[in-house]
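Dear colleague,

I am handing over the structure below, which is a predicted model, and I would be glad if you could look through it alongside the notes that follow.

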Amino acid sequence: MELRHLRYFSAVADALHFGRAARRLHVSQPTLSHQIHQLEEEVGTPLFERARTGVRLTQAGELFRTYASRALEDVNAGLSAVGALRGLATGALRVGYPPSMRGLVVPALTAVLRRHPGLALSAQEAVVRKLERQLADGKLDVGLGYAPARLADLDAEPVFDSRLALVVARGHALAGAESVGVKLLAEEPFALLSRGLRVRARVDAHFAAMRFAPRIALESNAVATVLAIVRAGLAVTVLPEPRLADAERLVVKRLSPAPRSELAALLWRKGAPRTPAAELFAAEVRTRAKEDVG
């Protein structure tokens, strides 16, 4: 049985007339009749009852039509998917992510661009609240944040556990410690994200559980500013465990006891079609998240 048999059968089943179906398929009526005859021989039973004014489906034909239609739908969907994949050569990808996930996102973006260098890439690094708004407004194709998302318009797909960690400058006295408890932080100045941000709420909750009041030297709504102060050796900070490059001159240390983790997630706009480029990026993120866990 070949694909054209199913297409010819579907055309006759829709038109209930060999002549009209042949014209729609741009084949001769004898050719169409021959193909349907071949199909009926393979199925082992008549699929149409011929009459002077046209045809009608037999009981076997009605049953077969259900499965033939499903098969054609799957084939057409596959062709569309392949066409979309070809479109990656000239497509676009708009990604948003928080700075703490840069070490996961950048390798994923690099892998996507290596496979599809013709993609037009837009990568925005910002706090999760801003990213969620942009994603809900259709300004991003996919984002990274936390589950559950704050906005009802978004779906969150968990990809890994995110834990808070201490970040210090490379030459800091605590840089060599295996883990750090609050007693070692009593005299340390802190640079923290501003109140009202999701990460700050997590940090405050952890310190409250430890009955620890940090000495805050700086508050900022920009992670880059916080890390710049830490890199200069003027403060330490606590952030969702960032994956940092060696060039950033920062060291990430575990907190003891370990703070409660939160689910880092891929964020999607509900009901919006997912572009092939966004799906490809998401697959890279999932793979790298699993490798990190492993």
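To begin with the helices, α2 (residues 18–25) packs against α3 (residues 29–43) at an angle of about 105°, and the two axes are 9 Å apart, which makes α2 roughly perpendicular to α3. On the α2 side the contact is made by F18, G19, A21, A22 and L25, which meet Q29, L32, S33 and I36 of α3; by class, this contact holds six nonpolar and three polar residues, and no charged ones.

Both helices fall in a stretch for which UniProt, in an unreviewed entry, lists "domain: HTH lysR-type" at residues 1–58. Over those residues the chain is 62% helix and 14% strand, with the end C-alpha atoms 19 Å apart. The domain assignment divides the chain into domain 1 (1–67), domain 2 (86–155 + 270–289) and domain 3 (159–260), and the C-alpha centres of domain 1 and domain 2 lie 46 Å apart.

Further along the chain, four strands form an open sheet of mixed pairing, in the order β8-β12-β7-β11. Because β8 (179–181) and β11 (237–240) stand at the edges, each with a single partner strand, one side of each is left without a neighbour in the sheet; from one strand to the next the twist averages 50°. The strands β8 and β12 (residues 250–256) run parallel and are joined by three bridges, with S179 standing opposite R254 in β12. Helix α7 (residues 198–209) lies across β7 (164–169), β11 and β12, and runs at about 120° to β11.

With best wishes

Notes:
Residues numbered from 1 in each chain as written. Predicted model: local features only at pLDDT ≥ 70, side-chain atom pairs only at ≥ 80, totals over all residues. Heavy atoms only, no water. UniProt positions renumbered as here; feature names shortened; annotations may be inferred. Helix = DSSP H or I, 4+ residues; strand = E, 2+ residues; numbered from the N terminus. Axes fitted to C-alpha atoms, helices over the stretch in contact; angles between N-to-C directions. Parallel < 35°, antiparallel > 145°, perpendicular 65-115°, else oblique. Contact = heavy atoms within 4.5 Å. Nonpolar A, V, L, I, M, F, W, Y, C, P; charged D, E, K, R; others polar. Domains from an automatic or database assignment. Pairing = 2+ DSSP bridges.
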